[in-house]
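Trainee: Could you walk me through this one? I'd like to start with the cysteines and work outwards.

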Amino acid sequence: MLTLNMRKILALPLAVVMLTVLPAQRPPVRNATKTVDICIYGGTAAGVIAAYTAKKMGKSVMLIEPGMHLGGMTSGGLGQTDIGNKYAISGLSLDFYRRLGKHYGKFEQWIFEPKVAKKYLQQYLDEAGIKVDYNHRIVSASKDNGTIKSISLENSLKPDATTNVSVEAKMFIDCSYEGDLMAKAGVSYAVGREANSEYNETINGVQLMDGHQLPNGIDPYKVPGKPESGLLWGISNEKLAATGSGDKKVQAYNYRICLTSDPANQVPITRPEGYDSTHYELLVRLMQKQPNRKTLNDFFIWSKMPNNKTDINNRNGFSTDMIGMNYDYPDGSYEVRARIIKDHEVYTKGLLYFVGHDPRVPEELRNSMLKWGYPKDEYTETGNWSPQLYIREARRMVGSYVMTQANCEGKEKVNDGVGMAAYTMDSHNIQRIIVNGNTKNEGNVEVGGFGPYPVSYRSIIPKETECKNLLVPVCLSATHIAYGSIRMEPVFMVLSQSAAAAAVMAIDGKVSVQQVDAQKLIKKLAADPLANGSIQQLLVDNEDQSKVKVTGDWKSGKRGSYGPSLLSSDPQNKAPQSVRFTPDVPKSGKYAAYFYFPKLAGLSSHYPIVVSNGKTTKDVSLKTADIEVVGQTSGEWVSLGTFDLPAGKSAYVEVSNKNADGLVLADAVLLVPVSK
């Protein structure tokens, strides 16, 4: 029997019935769109500096971080900063290390705790009013006529196309370690090693060297002497290719490990889930081969950090580098990368546990490891473990100009340098193979001996035919071996400030990044290094002949110098010898004066130094024994005091050999305005 309501429905037109009884269709989802002047992808330290610079220069900014970690490796465990030469570090990058210095009661601090680095990177964002868009990663880029119009971002934790965000910007800067924005924009890039012949190099491509190497006699097979038993974990069955030949293999990644020896701040190192002791069989054989090596420093670069903490890095033949396990990372999907990252975490935590607990490890070494634990006050949101794997190298742009070994060695010099690099050409090992029946690591290169050199503006921009509004200061255009020298966190920060300033100039000039006048950019960076109009410092280097007066017999040398060279006195010559540094003071006021002190052998026990304001002179002589040089640097800035100095060129700092009992070095003088 039909009810009254049913009879009413049947009497209605069919279309009305359908609307009545069928569920309403969901309207199409329109993804959110955000519009800014400059979009920066990657919340690394470089990304922070780029965002701060762009905002201070008057542009709207969006800073996107695919994860939840701010600062990349700078706050991810790499606290023992790789510098090369402090002369190469300028602008906001230098300012960052001076902010850290104030935190630790020094002028500059290049060795620091992860949480302290993160605090001061966040300080830049707070000062500029920048909020980071965390947990958003790129899925695509839309281009029109060689210009990126927008990028699409998905939620990194819960990918769902219906919740994607679109970002439209006039300029884009890729500050990620992977170069994902660059790749999605269709810009050419390289992965792995070029053959030496490609760019006329000598230490690119395959290199079987002695650094971080295994000694002869390490059997590669599970059952020694029996190939049929199979290879030990981590050893490849590939043959050693010709020296200098190219491949797509990537140098090893690792974690820069922060531990603490403070029992009150320790979380014990425990056996990680997924632990496999067979992964460390090579280490056991190495220990058996070298029984006299029983300290932590024999197997790790165990760098001490403030407050009883560490920055631990790879050392020798078997250590924290997970050699050969990252080849799929650069071009891998987000899922593939997550697996590789997790594998590295388990391997590294397992290595620490193995050294502390496996009975095959010498007791002395086990006991040493057990004194350390994860710090309670670091990485509190990620179980006291760094959320940042050390991605030493992934993609490298093939841009308007490719930096090569010739640039590093000073054989080829660019005239559009928007930053400097100074570190050794460095590559960690790339594969672990069998050579003449022995287990060997291949790919390690450590070749230096050159001074600071400029990094081309053209190396941080793509070819104009590929993209007109993108800058890439991290995955920049360089060969594998040149990138190994450039790829230092302070340098990335310098280049990112330059990239941001260039992006602003491109917007204001309504031109492509390729049409930005590099010389005007260089002048702009020099005139406003802090992006706020203030004077950062007055530097007088011994190379500046217009501001340096040399009296007596001084010789030029490179070892230990700040910048390209330093001057050294003749200890045998007792005649008066002096070097006077005369800065051009732009305005009168209080200035803190510093003298660069390289600590080399044979130095005088005291350094006769005077500071003059043009009217009165003060003796500020230094005692060599009081000066401690720490970290990866040859010298330190030593305070001479604070002085009231007039504008002009009447003030000076002079070092001499007066009553000296050894070598006196004259390198550089620095004046820093004292804020009121």
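**Cysteines, a helix, cores and a sheet**

Mentor: Start with C467: its sulfur is 12 Å from the closest cysteine sulfur, in C39, which is too far for a bond. A disulfide here is a pair of cysteine sulfur atoms within 2.5 Å. Keep in mind that this is a predicted model, where local features need pLDDT of at least 70, side-chain atom pairs count only at pLDDT 80 or more, and totals for chains, interfaces and linings use all residues. Residues are numbered from 1 along each chain as its sequence is written, and side-chain values use heavy atoms, with hydrogens and water left out.

Trainee: Is C467 buried or exposed?

Mentor: Buried means under 20% relative accessible area, exposed over 50%, and partly exposed in between (1.4 Å probe, protein chains only). C467 has a relative accessible area of 0%, so call C467 buried.

Trainee: How many disulfides does the structure hold?

Mentor: Take C408, which is in no disulfide: the nearest cysteine sulfur, that of C475, is 17 Å away. C408 also counts as buried, at 1% relative accessibility. For the whole structure, the count of disulfides is zero.

Trainee: On to helix α4: how far apart are its end C-alpha atoms?

Mentor: Helices (H or I, at least four residues) and strands (E, at least two) are DSSP runs, numbered from the N terminus. The expected span is 1.5 Å times one less than the number of residues. For the 13 residues of α4 (residues 91–103) that gives 18 Å, which agrees with the distance in the model, 19 Å.

Trainee: And how many of the residues of α4 are buried?

Mentor: Among the buried ones are L92, F96 and L100. Their cover includes α3 (45–56), α5 (114–128), α12 (489–509) and β35 (668–673). α4 is mostly covered, and the buried count out of 13 is eleven.

Trainee: Which helix gives the most to the largest nonpolar core?

Mentor: A nonpolar core is a set of buried Ala, Val, Leu, Ile, Met, Phe, Trp, Tyr and Cys residues joined through side-chain atoms within 4.5 Å. The largest has 128 residues, and I173, Y457, L471 and I486 have the most contacts inside it. With 14 residues, the top contributor is α12.

Trainee: Last one: which strands stand at the edges of the β24-β25-β34 sheet?

Mentor: This open sheet of three strands has antiparallel pairing; strands pair if DSSP finds at least two bridges between them. β24 and β25 (residues 566–569) share four bridges, and K555 has S568 as its bridge partner in β25. Each edge strand has a single partner, so one side is left without a neighbour in the sheet: β24 (554–557) and β34 (665–666).

Key. Contact = heavy atoms within 4.5 Å.
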